[in-house]
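Welcome, and please open the model in your viewer with the sequence panel alongside. We will go from stop to stop, selecting a few residues at a time.

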Amino acid sequence: MLPALAFLVVIAASLAWLWSGRLLKDRLWWWAWIVPVAATAALVAVVLQDKAVQKCIGLLLMPAGLCWIALGALLTTALAGARWRSAAALAGVFALYTAAGNGWIGSALVRSLEAGIAQPQLDALERFDAVYVLGGGTSLAPSGAPQLSDAGDRVVVAARLYALGKAEVLVASARATPERDGDGRDFAAETATLWQ
């Protein structure tokens, strides 16, 4: 992931420099085209080998990702043109937009919200005819076998209720749609496999 990000930075910076010198078009300007072309070729090679990079590129090609790229390009152009006030404003907008779309920050905020919720004492709960677990909470290991994800606590709580004799039946739901997940994973089957 880091090499791909480095290549993206090199491509953006070199294209911004080429754009700023487009009126001169001297010999150095024409030779400088080697940099973004070579960096693009290297980026393609990295993308073809790394699934995480492929997913990142996919996210960058969505509207929010394209806006982020455009803000970065505008910031780079303002810096290259020594327009410091514009660059400072764009840097602030770029930082806010990056933070707003950051998964790590979002996860930290959700964790802070969930931290205040008291965990129920499972053995003190009444007996249920069935426990229904909404889909998700699983991911796939590199081997392709299901495993708990960061949101897998609901799968574990249901299994504990069953083990304590508090639930006669466990029911899992949700089948992923190929339009949303791309692979059409069956979350209910993954959850059932983990319960077994």
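Start by selecting Ala 82. With a relative accessible area of 42%, Ala 82 is partly exposed, because that value falls between the 20% cut-off for buried and the 50% cut-off for exposed. Keep in mind that this is a predicted model. Ala 82 sits in the loop between α5 (63–80) and α6 (84–100). Check its backbone torsions too: phi is positive, at about 60 degrees, although Ala 82 is not a glycine. For context, most residues other than glycine have a negative phi.

Next, colour α1 (residues 2–20), the helix in which Leu 18 is found. Is Leu 18 buried or exposed? At 2% relative accessibility, Leu 18 counts as buried. Show its surroundings: setting aside neighbours within four places in sequence, Leu 18 is in contact with Trp 29, Ala 32, Trp 33 and Pro 36. If you draw a distance between the C-alpha atoms of Leu 18 and Trp 29, you should read 6.7 Å, for two residues that are eleven apart along the chain.

Stay on the helix and pick Ser 14, which also lies in α1. Ser 14 counts as buried, at 10% relative accessibility. Beyond its neighbours within four places in sequence, the contacts of Ser 14 are Val 35 and Pro 36.

Now turn on the surface and select Leu 15, Trp 30, Trp 33 and Val 37. These four form a nonpolar patch, with about 420 Å² of accessible area together. Trp 33, already met as a contact of Leu 18, lies in the loop between α2 (27–31) and α3 (34–49). Trp 33 counts as partly exposed, at 35% relative accessibility.

Hide the surface and move to the interior. Which residues make up the largest nonpolar core? Select Leu 122, Val 131, Val 133, Ala 158, Leu 161, Ala 167 and Leu 170: these are its seven residues. At least two of them come from each of β1, α8 (153–163) and β4. As a general background, nonpolar side chains in soluble globular proteins tend to be buried together. Centre the view on Val 131, which touches Ala 158, Leu 161, Ala 167, Val 169, Leu 170 and Val 171, not counting residues up to four places away in sequence. There is also a second, separate core of five residues, which includes Leu 71, Leu 75, Ala 78 and Ala 87.

For the next stop, select Glu 168 and Arg 127. How many salt bridges does a search of the whole structure find? The search finds one, and this pair forms it, with the closest N and O atoms 3.5 Å apart. Glu 168 lies in strand β4 (residues 167–172) and Arg 127 in the loop between α7 (103–114) and β1 (128–133), so the pair ties together parts that are 41 residues apart in sequence. Glu 168 counts as partly exposed, at 46% relative accessibility.

Finish with another glutamate, Glu 190, in helix α10 (residues 187–195). Glu 190 is buried, with a relative accessible area of 8%. Show the side chains of Glu 190 and Thr 138, and you will find a polar contact of 2.5 Å joining them. Leaving out neighbours within four places in sequence, Glu 190 is in contact with Thr 138, Ser 139, Leu 140, Pro 146 and Arg 185.

Conventions: Residues are numbered from 1 along each chain as its sequence is written. This is a predicted model: local features need pLDDT of at least 70, side-chain atom pairs count only at pLDDT 80 or more; totals for chains, interfaces and linings use all residues. Side-chain values use heavy atoms; hydrogens and water are left out. A salt bridge is a side-chain nitrogen of Lys or Arg within 4 Å of a carboxyl oxygen of Asp or Glu. Helices (H or I, at least four residues) and strands (E, at least two) are DSSP runs, numbered from the N terminus. Buried means under 20% relative accessible area, exposed over 50%, partly exposed in between (1.4 Å probe, protein chains only). Patches are made of residues with over 30% relative accessible area and no salt bridge: like charges are joined within 9 Å, nonpolar side chains (Val, Leu, Ile, Met, Phe, Trp, Tyr) within 5 Å. Accessible areas come from the Shrake-Rupley method with a 1.4 Å probe; for residues, only the protein chains shown count as cover. A polar contact is a pair of N or O atoms within 3.5 Å; within protein, one must be able to donate a hydrogen and the other to accept it, and residues adjacent in sequence count only if both atoms are side-chain atoms. Contact means heavy atoms within 4.5 Å. A nonpolar core is a set of buried Ala, Val, Leu, Ile, Met, Phe, Trp, Tyr and Cys residues joined through side-chain atoms within 4.5 Å.
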